[in-house]
Amino acid sequence: MPNIENNITAVQRRLQQAARDAGRNPDDILLLAVSKTRTSAQVNLAHQAGINSFGENYLQEALDKIELLKSQSLDWHFIGPLQSNKARAALQLFDCIHTLDRPKLATTFARLAQELGHCPPMFAQVNTGLEDQKAGIVPDSVDDFVATCRALDLPVAGLMCIPPVDEEASMHFALLAKLAKRNDLAQLSMGMSGDFAKAISFGATHVRVGSAIFGARISPPAAAPSE
């Protein structure tokens with residue numbers, strides 16, 4: 001069994017060193033523990049070791065954990081693909097959504113935000129690698145998409161990306177940072193267990209770290225079909 005407390009200490013040290021190397025304040029970078037497929041007990045151990053923010057990919061799985069751990073006042077981020085018919089639940093459950101990835105979802109969120117009277121901050125997901133199997137706005141459409149979201153009064157805080165596994169991540173982090181700056185967006189959700197230090201050097205404000213904290217992941221539940 002992985003020692004979650006020791007792993008968190010090691011990750012935090014790497015984060016702090018990467019921030020110092022980039023001339024940044026470590027306090028400006030949120031360490032988001034990716035807890036998909038992990039148990040509520042593991043999440044609780046991570047919380048006891050100093051983690052307050054957790055990332056989930058599957059709505060039902062997240063709902064169960066949020067209910068079990070509601071007394072802990074944790075910060076929950078949705079980082080997985082989202083069907084429009086699950087948008088209401090996402091708005092009600094999560095403190096931040098990292099996967100605003102298409103105009104239809106933006107329109108749905110805007111309507112629901114008016115009904116519910118609130119909307120969490122969101123990241124527009126960018127498909128920097130132009131991968132057919134991956135969600136997200138293509139880079140050439142980011143400016144128009146951000147403008148559309150702003151016209152809908154959606155609180156777009158920044159951009160998010162998941163670089164292709166077989167390409168150098170730096171070029172994708174640099175592109176995302178360039179797109180964010182061009183659109184006056186201050187936050188960048190990028191970097192995972194293997195490359196978060198590199199992401200920090202390109203300005204990441206949110207790093208999504210799973211296996212470096214919890215150990216190798218077990219098989220996830222089957223994903224919901226896309227729209």
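**Group meeting: overall fold and the place of Ile66**

Colleagues, the protein chain in this predicted model contains nine helices and eight strands, where helices (H or I, at least four residues) and strands (E, at least two) are DSSP runs numbered from the N terminus. Its radius of gyration is 17 Å, close to the 17 Å that the globule rule gives for 227 residues, so the chain is as compact as a globular protein of that length. That radius is taken over C-alpha atoms, and the rule is 2.2 Å times the number of residues to the power 0.38. Along the principal axes, the C-alpha atoms fill a box of roughly 45 × 40 × 30 Å.

A word on conventions. Residues are numbered from 1 along each chain as its sequence is written, and side-chain values use heavy atoms, without hydrogens or water. As this is a predicted model, local features need pLDDT of at least 70 and side-chain atom pairs count only at pLDDT 80 or more, whereas totals for chains, interfaces and linings use all residues.

Turning to burial, 49% of the 227 residues are buried (under 20% relative accessible area; exposed is over 50%, partly exposed in between; 1.4 Å probe, protein chains only). Of the contacts (heavy atoms within 4.5 Å) with a separation of 6 or more, 60% join residues 24 or more positions apart.

Let me close with one residue. Ile66 sits in helix 3, residues 59-68, and counts as buried because its relative accessibility is 13%. Leaving aside residues up to four places away in sequence, Ile66 touches Trp76, Leu93 and Phe94. Ile162, 96 residues from Ile66 in sequence, lies 25 Å from Ile66, C-alpha to C-alpha.
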